[in-house]
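Work through the exercises below with the structure open beside you. Try each task before reading its solution.

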Amino acid sequence: MTGIAIVGTAGRLPGAADLDEYWRNLLDGKDCITRGDSDELRCHVAAELLDDARWIGASGRIDGVYDFDPESFGMAPRTALITDPQHRLLLTTVHQALEDAALIPGRDARVGVFAGVGRNRHEELVRVVSRALGEPIDELALEVGNGKDHSSTKTAFRFGFTGPAITVQTACSTGLVAVHQASQALANQECDIAIAAAAAVRVPDVHGYLYLPGGIGSTDGVCRPFSSRASGAVAGDGVVALVLMRDEDARFEALRTRAVILGSAVNNDGAKSGYASVSAAAQEAVIRDALLFAEVEPSEVGSLEAHGSGTPLGDATEWSALSAVYGTEGKTLVGSVKSNLGHLREASGLAGLVRVVGSLTHDKVPPTINVGVAADFTRERSGLELARTVQGWPRPGARRAAVSAFGLGGTNVHLVLEQARQGFEEPVPDERARPSLVVLSARTEAAVEATGRRWSDALLAGTPLTAAAAVSQLGRSRRAHRRFAVGSDPAVVAADLAEASSSAAATLPAAHQVCFVFPGVGDQYPSMAAGLRAWLPGFDAELDRLMDACGRHADRDLSAVLTAPTAGADDSAPNFSLRRLVERREAGALNEVDTVAAHAMVFSVQVALARSLQGVGIQPDAVVGHSLGELSAATVAGAFSDEDAIRLVMTRARLVDAQPAGAMLALSMSKKEAEELTGPDVWLAAVNSPRSCVVAGQRERILALADALAERGLPGRLLPVTQALHTPLMAPAAEALAELLQQVVIRQPDITIASNVTGGWVDSEITRSDYWYEHLTSTVRFDQALVTASSRCGVLLEIGPGQLRTLAAQSKRDLGDAMVVPTVRRDYQNVRDDSVLLRALGALWCAGVEPSWQALYGSRPGWRDSLPATSLEERRYDIADTVAGTVDLDARRDELLDTRAPATAPGQGGPPPATPDVSPGDADNAVLEALVHVWTEVLGVSDLRVNSDFFDLGGDSMMSVQLIRGLERRLGFHVPAIVVFEESQLGPMARCIDDWNRRESEQHA
């Protein structure tokens, strides 16, 4: 058989909220069976049983049996309330197992589900409560919510899986048979991922059992497998889920494999002395078949997880079968987890299997406890040894183990496993030194906070930061409440995830559109974006290509401007250098400036960065550029070919450089104030924000103006240019450029552009040469262009270093809630280039823009590890709570029904639902009020809005029947289903019903 990799595990077992705690309990030899005196058991056991001397108050119990988050699975609270908790636990545990595997199977994925649950007692409880509340009983809803047949198909439905969904029911071997069938389905290509799971929980809560001589129950509440004092089992509860894949697929995806299933076999005892008796021959046969199928010799197996129920006959029979096959040279350790947990019935085999997975992973075999003096048959010279203490692996070579489960009635199963084969490589040291981006999301704010704390703990406990980043990006589904953290120090990232600073957290109502914003000349610096060359896919090659092309047009090598020494990031320094900022502001802005090199560098970096971002899935919905940046924007938008754009940029640079000397002065003042400074040889060159303008003109006039303003306490900043761009002084250059544009094909852009010239969206005018003439000679209306862009786009992504954050802050009133995201550090910042860009990706992700994370890893998949599952916001859903205590059912019937809403835990009081606010013309108040009450009753949701959607709240076709019945009961007349569900939202549904009723009344008047 094709090796089957176990890539994800999750479970809730006695004494353990998760499998990590379970493994620690096993190594510690902890007895996890709960035992209590009569007072502690009063709420769980009938008084007459407690008074019976044969009653044994012991069982393996789990916490949170009734806790559930229905909204995370698209289930209405009312549906959750009438659903067997075993089914709900399956959903939750499958969710956790998939996240442990770092897999995100999409809807319609070929995922198979093989699952089984224990005996159902919940349905009768629902009937009792329904009768007490005077509710009608929906037989189909009860069947789907509680029937064993629906445990696997319901899981497939809730997750959207399209592989085979098979309910497995073979009593005590259910869990392992599910693994066998899932493995066969994968080997036969029936699915690409398979879930094997089982839940066995006694509902209503049962604690203990009545000991009967000759029965399966232990005489003293202790389970003692293979002991001379073995007298029977102790019942326990539990749920376990595994995620399986073909081993070669798991290695290709670089998933963390916990163990590999080499082979398995299933058979039945057939005819025997009694239905509950066992057959050594059948057990031996299934073991031999599994080894044959796995192509493994018995001598290669170092550890056996036995069925080991603690019954004298069952243990002796099993030991004889194991000895017949595995009683060879060397030592084979035998154990049974039932000594720790009790007998978990349908889930018992999976509890044993995950114990074996732990042994293979950690090279340790936990002890079998409560044995005392071992049974005589275990001391026979057979090569088998009962593991009584924690032991290392007993055999050399690859670690291999086996596990058995034997179901009441005779369905036997045996699996052979091997330690995980490494399908990934750990990151090299320089990769670990780079910053990582960890992104987290959950359905609610409370859930994302809980997830952040758990991931923080995992990082502090030693989980590699690179693994956490890969899992968060590649192995988690996306939910509305989000946060992210960036860094190379796990402790720093852990603190950020736990604290969720406002700059790194967001609630996502809907994905935002993105506008690429391209700054102009003035904020460039040597080696800008150099730190992205070795990290951002495609950036290095594209930047070199563009710079080389610019150099050919300039007839000189320009590459040195991007490799020149510069004051870069210093990890030991603060992330902001005041000295460099002051030096930059006071540096000789009027010194010689290499205009050609500056144009080439700004254009090349911007276009290369924009295209690299597009290559990792960040697509602009609009673009806007400042001055030269608009040429970059137009190129990215498709108006110019690269060749034509480079000709234009380099020609523009030479033409501008050839113009008479000029100067440009940046001022912190309004447009009106700046216009008052204009006059002969001084023009308003740019309006960047309500408080930021630029004047430009003849050199001596601008210098004199700067001195005069400084004397008045209104200093400006001379820009590092030697010409007066965007003034009539540029007319000769603009005319020459227009001649070149006559020879260039300018296409209608593929991406909408917000214009510097008009401040609005640019249309076909961008294809005319006179537009670009005006672009160089007239005022840059960048403030209006930003307002235009923000009217459509909620994210302004700055492509290259610039002052967009400052300008946006000054334009806050006009830009609204638009988010500004830089991608390249300013030259005075002591931060790494890749750190800045990772923060940009995190901010985009919080805004609902999903990068192509895999593209960031290139051909090498991200290295993954096991990290905590996304937290769910679980509440108690126990239908017995609705009639618990001294509730006056007649007086509080409606209230009890209404409190089954997400905002209030069942059984706790709460106000009846308020009618949503609607205008008087929307619907007759009686119709709307009736609809609100019926929705609340059917769905169990009280926090309703006019735009609440019946199906988004978990409604389905069965509930629609209940809805129509409830409406008829409240309104007193029949409403056809086609009318009710013409609209699925509350307000529109009420209007449709009201309109139909009015038409019917008019026709019969």
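The exercises cover a helix, two sheets and some aromatic pairs in a predicted model.

**Exercise 1. Which residues of helix H18 are buried, and what do they pack against?**

Step 1. Find the helix at residues 490–499. Its buried residues are Val 493, Ala 494 and Leu 497.

Step 2. Look down the axis of H18. The buried residues fall within an arc of 100°, so they line one face of the helix. An α-helix has 3.6 residues a turn, so residues three or four places apart point the same way.

Step 3. List the partners. The buried residues of H18 pack against strand S19 (436–442), helix H16 (445–460), helix H17 (465–474) and strand S20 (481–487).

Step 4. Check the N-terminal end. Asp 489 caps H18 there. A side-chain oxygen of Asp 489 lies 2.9 Å from the backbone nitrogen of Ala 491.

**Exercise 2. Trace the 11-strand sheet and find its edges.**

Step 1. Write the order: S7-S6-S8-S10-S1-S11-S18-S17-S12-S13-S15. The sheet is open and its pairing is mixed.

Step 2. Go to the edges. Strand S7 (165–167) and strand S15 (384–386) each have a single partner strand, so one side of each has no neighbour in the sheet. From one strand to the next, the twist averages 25°.

Step 3. Take one pair. Strand S1 (residues 4–12) and strand S10 (residues 238–246) are antiparallel, over eight bridges. Ile 4 has Arg 246 as its bridge partner in S10.

Step 4. Add a helix. H12 (residues 312–326) packs on this sheet. Among the strands H12 touches are S12 (303–305) and S13 (332–335). The direction of H12 makes about 140° with that of S15.

**Exercise 3. Now trace the open sheet of four strands.**

Step 1. The order is S25-S26-S24-S27, and the pairing is antiparallel.

Step 2. Strand S25 (682–689) and strand S27 (717–718) stand at the edges. Each has a single partner strand, so one side of each is left without a neighbour in the sheet.

Step 3. S25 pairs with strand S26 (residues 692–698) over six bridges. Leu 684 stands opposite Val 695 in S26.

**Exercise 4. Classify two aromatic pairs as stacked or edge-to-face.**

Step 1. Start with Phe 159 and Phe 161. Their ring centres are 5.3 Å apart and their planes are at 15°, so the pair is stacked. Both Phe 159 and Phe 161 are buried.

Step 2. Turn to Phe 516 and Phe 518. Centre to centre they are 6.4 Å apart, with 65° between the planes. This pair is edge-to-face. Both Phe 516 and Phe 518 are buried.

Step 3. Place the stacked pair in context. Phe 68, Phe 73, Phe 159 and Phe 161 form one aromatic cluster.

Definitions and conventions. Residues numbered from 1 in each chain as written. Predicted model: local features only at pLDDT ≥ 70, side-chain atom pairs only at ≥ 80, totals over all residues. Heavy atoms only, no water. Buried < 20%, exposed > 50% of the residue type's maximum accessible area, 1.4 Å probe, protein only. Helix = DSSP H or I, 4+ residues; strand = E, 2+ residues; numbered from the N terminus. Arc of directions from axis to C-beta. Contact = heavy atoms within 4.5 Å. Polar contact = N/O pair within 3.5 Å; in protein donor to acceptor, adjacent residues only side chain to side chain. Pairing = 2+ DSSP bridges. Axes fitted to C-alpha atoms, helices over the stretch in contact; angles between N-to-C directions. Phe/Tyr/Trp six-rings, centres within 6.5 Å; stacked < 30°, edge-to-face > 60°.
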